[in-house]
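Please look through the model below with its sequence at hand, and follow the paragraphs that come after it from one region to the next.

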Amino acid sequence: MFSVHHKKKSLKHTHKNKLKNIPVETVETFVKNTVKNSKSKKNARSEDFIPKSNDHLRGSTVCILIKGLPLNVKIQKLKKDLCVSPKSINLSKKDGQRSALVMFKSVGDCCEAFDALKGYSYESHSTTVTFVRPRSVVDKENTLTPTCFDYLLDVTNVPFYLTSEDLKNIFPKAEAIIQRCRHDRSFKGSCILSFTSKGDYDEAVNICKENPVEGREMTCAPTTSEVCKALLEELASQSNKHNGNKEGTQLKLFNLPYAITKEELKKSFPQARHIFLPTSKGREPTGIAILTFKTALICKSALEKAKKTEIQGRKLRAEINSLKPNDKKNRKGISSQGKGNKSKFSKDKTGKNRRMKPKIGKLNEGELKLNLD
């Protein structure tokens, strides 16, 4: 028997033959139409968009951004190169270069510095100078907590200068707006929106897709209640750090096994940031542990968990470790007693302490009066 092998026709030649039959004029018209359609879509999306140029922002901002600076840039040299003394200079790093955000006291100073920096170069490094709007400040204390966590939307690529009021105007049906911020409370450009109905949620998605803000198309995606609650706790902890309030973040555990280790406690309480096991004078375990958490809310939830926890057959006892008011009063009393003692030394003209000389005065013959005051 002989086997017959059929040769397959190459697809390349068939496609080439088909393309040869298409006239050149039809190809050119097809390309022109696709370009026109893409441009028309962009123009339709940005009908109300005013291009962000230097002329447009002139007179409406007090900040300029200098890009293209070297990594070893020095703020003192930048201040000398500016013809106007700035209010503040913040440096940032991106793609192996530095950028300087310079803020001035007035709009006139900003325009004068921008005109002086045209064609500016820092140690043979060419730079670009543009007007920019400053980042908005997030009000953490007045951030609303959502009542409904069923319809949550995570919005990113938001302009940094938008405030919570601006976001409320863009998304009027949002129940709560939770903005992400830096350690200095400046807006990061992303937020979480909560809605009470599916219709309001879908409307916000369409706003993100069809209504760009100054050419920036905001991106959105659904998120979970865990992410939203974690962001709320982070904002609360940042506000506590800013105010210096760490009250209620430590948990004290009793009736622990003497042989327990920090690793075993970490498994039972994974959110603890620091674990301390105090010992007696003879360096023997005491069965007590002090756990530090990020926020007071996490500490309270750990307290409820500790009341229901048993380790090696021992039921734990727990309480929030805090400074009692009586202790504060006692400390104030001790400090006030120390302040009440008057010194027997006085300062001379040079600022050094010297012992006061006793004043001797005569009362009668043979009697002396000593004044040590």
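Which backbone nitrogen does the side chain of Thr61 reach at 3.3 Å? In this model, which is a predicted one, that backbone nitrogen belongs to Cys63, and the side chain of Thr61 also reaches the backbone oxygen of Val132, here at 2.5 Å. Thr61 itself sits in the loop between α3 (54–57) and β1 (63–69). With a relative accessible area of 3%, Thr61 falls under the 20% limit and is therefore counted as buried. Once its neighbours within four places in sequence are left aside, the residues in contact with Thr61 are Val107, Cys110, Phe131, Val132, Arg133 and Pro134.

Strand β1 leads on to the largest pocket, since β1, β2 (88–94), β3 (97–103) and β6 (128–132) are the elements that give two or more residues to its lining. The volume of this pocket is about 1100 Å³, and its lining is made up of 30 residues, of which Leu65, Leu101, Arg135, Phe160 and Arg182 lie nearest the centre. The largest share of the lining, six residues, is contributed by β2.

A second region to examine is helix α7, which comprises the 13 residues 198–210. At 1.5 Å a residue the helix should span 18 Å, and its end C-alpha atoms are indeed 18 Å apart, so the expected and the computed values agree. Within α7, the buried residues are Asp200, Tyr201, Ala204, Val205, Ile207 and Cys208. Viewed down the axis of α7, these buried residues fall within an arc of 160 degrees, and they therefore line one face of the helix. The general geometry behind such a pattern is that an α-helix has 3.6 residues a turn, so residues three or four places apart point the same way. Among the elements that cover the buried residues of α7 are β7 (151–156), α6 (164–170), β9 (187–195) and β10 (219–222).

The last stop is the loop between β4 (121–122) and β5 (125–126), where Glu123 is found and where Ser124 also has its place. Most residues other than glycine have a negative phi. Glu123, however, has a positive phi, near 50 degrees, and the phi of Ser124 is likewise positive, near 65 degrees. As for accessibility, Glu123 counts as partly exposed because its relative value is 44%, whereas Ser124, with a relative accessible area of 74%, is exposed.

Technical notes. Residues numbered from 1 in each chain as written. Predicted model: local features only at pLDDT ≥ 70, side-chain atom pairs only at ≥ 80, totals over all residues. Heavy atoms only, no water. Helix = DSSP H or I, 4+ residues; strand = E, 2+ residues; numbered from the N terminus. Buried < 20%, exposed > 50% of the residue type's maximum accessible area, 1.4 Å probe, protein only. Polar contact = N/O pair within 3.5 Å; in protein donor to acceptor, adjacent residues only side chain to side chain. Contact = heavy atoms within 4.5 Å. Expected span 1.5 Å × (residues − 1). Arc of directions from axis to C-beta. 1 Å grid on protein atoms, 1.4 Å probe; cavity = no way out; pocket = protein on both sides within 12 Å on 5 of 7 lines; lining within 4 Å. Points joined across faces, edges and corners; volume = space filled by probe spheres on them.
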